[in-house]
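The following exercises concern the structure displayed below. Each consists of a task and a solution that proceeds step by step.

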Amino acid sequence: MNDMSDTQKDKLMTDLRVVISDAEELLKMTADEAGESAAGLRNRVQQRMNQAKAELIHLQVAAVAKAKEAGHATDEFVHENPWKAVGIGAGVGLLIGMLISRR
């Protein structure tokens, strides 16, 4: 999962939330269904949904921690090397300006 981009991770988390929500709604709709097999299936689905929710929360916590870590590293770099940071920012701005002006 480390090879995925942030956009792909955000999309995956959004999709997982939708699937969990739909599964919860399905469980509520079939709650009055009779039979041992239906009850067993509902229990297994509920357990897997709870596990998926826990994993989603873990993924969100990890993503927030990585973002904070990157922010702190950037902040430290800028404080330790202010002129390098200004130069990098100017270079990136110049590059983006050149790319935009071509279109």
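**Exercise 1. Classify Ala52 as buried, partly exposed or exposed, and place it in its surroundings.**

Step 1. The relative accessible area of Ala52 is 16%, so the residue is buried; buried denotes under 20%, exposed over 50%, and partly exposed the range in between, with a 1.4 Å probe and protein chains only.
Step 2. Ala52 belongs to helix α2, which covers residues 36–80. Helices are DSSP runs of H or I with at least four residues, strands are runs of E with at least two, and both are numbered from the N terminus.
Step 3. Leaving aside residues up to four places away in sequence, Ala52 touches Leu16 and Ile20, where contact requires heavy atoms within 4.5 Å.
Step 4. Val64 lies 12 residues from Ala52 along the chain, and their C-alpha atoms are separated by 18 Å.

The model is predicted: local features require pLDDT of at least 70 and side-chain atom pairs pLDDT 80 or more, whereas totals for chains, interfaces and linings use all residues. Residues are numbered from 1 along each chain as its sequence is written, and side-chain values use heavy atoms, with hydrogens and water left out.

**Exercise 2. Determine how the span of helix α1 relates to the expected value, and list its buried residues.**

Step 1. Helix α1 comprises 24 residues, 6–29.
Step 2. From first to last C-alpha it reaches 35 Å, close to the 34 Å expected; the expected span is 1.5 Å times one less than the number of residues.
Step 3. The buried residues in α1 are Lys9, Met13, Ile20, Ala23 and Leu27.

**Exercise 3. Identify the residues of the nonpolar surface patch and the elements that supply them.**

Step 1. Phe77, Val78, Ile88, Val92, Ile96 and Ile100 form a patch of about 520 Å². Patches take residues with over 30% relative accessible area and no salt bridge, joining nonpolar side chains (Val, Leu, Ile, Met, Phe, Trp, Tyr) within 5 Å and like charges within 9 Å. A salt bridge places a side-chain nitrogen of Lys or Arg within 4 Å of a carboxyl oxygen of Asp or Glu.
Step 2. Two or more residues each come from α2 and α3 (82–102).
Step 3. The largest share, 4 residues, is that of α3.
Step 4. Ile100, located in α3, counts as exposed because its relative accessibility is 58%.

**Exercise 4. Assess the overall form of the protein chain.**

Step 1. The chain has 3 helices and 0 strands, in the order α-α-α.
Step 2. Its radius of gyration, 23 Å, is well over the 13 Å that the globule rule gives for 103 residues, so the chain is more spread out than a compact globule. The radius is taken over C-alpha atoms, and the rule is 2.2 Å times the number of residues to the power 0.38.
Step 3. The C-alpha trace spans about 70 × 35 × 20 Å along its principal axes.
Step 4. Buried residues account for 10% of the 103 residues.
Step 5. The chain exposes about 8600 Å², 61% of it supplied by carbon and sulfur atoms; accessible areas follow the Shrake-Rupley method with a 1.4 Å probe, and for residues only the protein chains shown count as cover.
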